[in-house]
Amino acid sequence: MAETIPAGSTTDGVIQVGQPTDARVSALASYDVADFPVPLGREEEWRFTPLERLRGLHDGTAVADGGVKVEVTAPEGVTVETVGRDDARLGKAGKPVDRVAAQAYSSFEKASVVSVPKETVLTEPVRIAVHGEGGTAFGHQVIEIGAFAEAVVVIDHTGDATVAANVEYLIGDGAKLTVVSVQDWDDTAVHAGQHTALVGRDATFKSVVVTFGGDLVRLHPRVVYGAPGGEAELYGLYFTDNGQHQEHRLFIDHDTPHCRSNVAYKGALQGAEAHAVWIGDVLIRAAAEGTDTYELNRNLVLTDGARVDSVPNLEIETGEIVGAGHASATGRFEDEQLFYLMARGIPADEARRLVVRGFFAELVQQIGIPELEERLIAKIEAELEASVG
C-alpha cells in the first residue's frame, strides 16, 4: 500500500519517504551478538545512523566501565526485584533484533524486574528513575503485568552515559499497561534501546515515548501479540535540537488474528545538523485476519539546517483485514499560522510557542499524568526559548 502525503507537506530534501519494502528488515533475532555482523552503515537498518557516534556499542569495542543508577518507586503490592541472568522471565517478550541490542543482552550482569500481581489496579504510577553516572553501561528491565491488572509505569532517563539496554513488557490476558519512557539525557549521552511488548489475549498496551536529550538516541519499540484481541497504541514525541540525532524505529508484528494497533509520532526540529529518523514497520501476516492498524508520523521543521528521514512501511499478507494505512509528512513553520495569531495581538515569539504547543498537545495529553505533562510542556518551552525567535 502506498504512503499518504497530506497536502502542504514537503518531500524536497526535508523528508525522505521510503519505497514499499519488506517490513521484516529486522527479521534476524538472536541473543548471541556473534549472529549479527558488525554494521558498516550501508545496511537498511543502519543507513541513517551515524555509527561513529555510537562509541563502540555496535562493533564490540565498548567496555562496561561506567554506571547507571536505577531507582524504582512503586505502590504497595508491586514487587521489585534485582535478578541474575538465569531468571526465566528474561527474554520472554522477544529476542534482540540488532547487534547493539544483542550486545546489551550479552553484557548485562543484573536485571530489574517489576511485577504487578493479577487483578491489581494501581492508583499511582510505578516510577523508574534511570540516571547515567558516566562511562558505558549495559542494562535490562522487565515490566510484568498480571492478568486483568492495570498499571502506569514511568521510565525517566537522565544524566550522562553511553547506554545500551533492553526493556521487556509482559502484559497478561485482559491487562492494561501504559508506559511513558522519557529520554531527558544530558547533551553528551548516547542511548540505544530495544523495547519489546508481548501483548496477551484482550490486553491493552499503550506506549508514550518522549525524547528530548542526548547526543544520539536510537530506540527500537516492538510489539508482538500472544493471543487474539490484543490492542497496542504507540505514541511518541521528540524535539531534536542542534547537532542531535534522534532515531525511532518501530516494528509491529501482526501474526495473530483480530488484533489492533495505532501509531502516532510527532517531532519538531531546529538548529544546524539536527537529524530525526522515524521508521514505522508494520507486518500483517497471513494468519492475522481481522487486523486493524494505522500509523502516522508528522514532523515540523522550525529552522533551516534540520533534516528528517521518515519511512513508513506496511506489508500485508492477507486480504481479510478490518483496515490498514499509514501517513507521513513533514512541513516547515507556517507563516500563515503566525500571521493569524499576530493579527490578533499575540507577539511573534508567543505565537511560535503556541503553534508548537498545539502541534504536540494531542500526544502530551496521552500521558495522563498532569505533573509529567507540565514538565514536558515546560521543556518544549525552554527549547523554543533557546533557539526559536
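## Strand β5 and its surroundings

β4 and β5 pair in the parallel sense, with 18 bridges between the two strands. The model is a predicted one. β4 covers residues 126–145 and β5 covers residues 150–171. Within this pairing, Gly-139 stands opposite Ala-165 of β5.

β5 has further partners. Strand β6 (residues 176–183) runs parallel to β5 and is joined to it by eight bridges. There, Asp-156 has Val-182 of β6 as its bridge partner. β7 also pairs with β5 in the parallel sense, over ten bridges. In that pairing Leu-170 faces Leu-198 of β7.

How many of the 22 residues of β5 are buried? The count is 18, so the strand is largely enclosed by the rest of the structure.

### The nonpolar cores

The largest nonpolar core holds 53 residues. The members that touch the most others are Tyr-169, Ile-171, Leu-177, Phe-205 and Val-223. β5 supplies the largest share of this core, nine residues. Another core lies apart from it and has 27 residues, among them Phe-212, Leu-363, Val-364 and Leu-372.

Tyr-169 deserves its own look. Its relative accessibility is 3%, so Tyr-169 counts as buried. Beyond its neighbours within four places in sequence, Tyr-169 is in contact with residues including Ala-93, Ile-143, Ile-155, Leu-177 and Val-179. His-195, Thr-196, Ala-197, Leu-198 and Phe-205 are also among its contacts.

### Aromatic pairs and charges over rings

The model has four aromatic pairs. In one of them, the rings of Tyr-105 and Phe-108 have centres 5.6 Å apart and planes at 75°. An angle over 60 degrees counts as edge-to-face, so that is the class of this pair. Tyr-105 and Phe-108 are both buried. Tyr-169 and Phe-205 form a tilted pair, with 5.4 Å from centre to centre and 35° between the planes. Tyr-169 lies in β5, while Phe-205 lies in strand β8 (residues 204–211), so the pair ties together parts 36 residues apart in sequence. Phe-205, at 3% relative accessibility, counts as buried.

Ring pairs also build a cluster, which links Tyr-31, Tyr-105 and Phe-108.

Two basic residues lie over ring faces, as listed here.

| Basic residue | Ring | Distance to ring centre |
|---|---|---|
| Arg-218 | Trp-46 | 3.8 Å |
| Lys-266 | Phe-359 | 5.1 Å |

### Helix α1

Is helix α1 enclosed or open? Seven of its nine residues (99–107) are buried, so α1 is largely enclosed by the rest of the structure. The buried residues are Arg-99, Val-100, Ala-101, Ala-102, Gln-103, Ala-104 and Tyr-105. They pack against β4, β5 and β7 (190–199). Tyr-105 of this buried set is also a member of the ring cluster with Tyr-31 and Phe-108.

Which residue caps the N-terminal end of α1? It is Asp-98. One of its side-chain oxygens lies 3.1 Å from the backbone nitrogen of Val-100.

### Two buried sites: Gly-267 and Ser-310

Gly-267 sits in strand β12 (residues 260–269). Its relative accessible area is 0%, and burial requires under 20%, so Gly-267 is buried. Which residues does Gly-267 touch, leaving out those up to four places away in sequence? They are Tyr-238, Arg-298, Asn-299, Leu-300, Phe-359 and Phe-360. One of them, Asn-299, is 32 residues away in sequence, yet its C-alpha is 4.7 Å from the C-alpha of Gly-267. Phe-359 appears again here: Gly-267 touches it, and Lys-266 lies over its ring face.

Ser-310 belongs to strand β15 (residues 307–316). With a relative accessibility of 0%, Ser-310 counts as buried. Where does its side chain make polar contacts? One contact, of 2.6 Å, joins the side chains of Ser-310 and Asn-297. Another, of 2.5 Å, goes from the side chain of Ser-310 to that of Ser-328.

### In brief

β5 pairs with β4, with β6 and with β7. β5 also gives the largest share of the 53-residue core. The buried residues of α1 pack against β5 as well as β4 and β7. The Tyr-169 and Phe-205 pair links β5 with β8.

Definitions and conventions:
Residues numbered from 1 in each chain as written. Predicted model: local features only at pLDDT ≥ 70, side-chain atom pairs only at ≥ 80, totals over all residues. Heavy atoms only, no water. Buried < 20%, exposed > 50% of the residue type's maximum accessible area, 1.4 Å probe, protein only. Helix = DSSP H or I, 4+ residues; strand = E, 2+ residues; numbered from the N terminus. Contact = heavy atoms within 4.5 Å. Polar contact = N/O pair within 3.5 Å; in protein donor to acceptor, adjacent residues only side chain to side chain. Pairing = 2+ DSSP bridges. Phe/Tyr/Trp six-rings, centres within 6.5 Å; stacked < 30°, edge-to-face > 60°. Lys NZ or Arg CZ within 6 Å of the ring centre and 35° of its normal. Core = buried A, V, L, I, M, F, W, Y, C linked by side-chain atoms within 4.5 Å.
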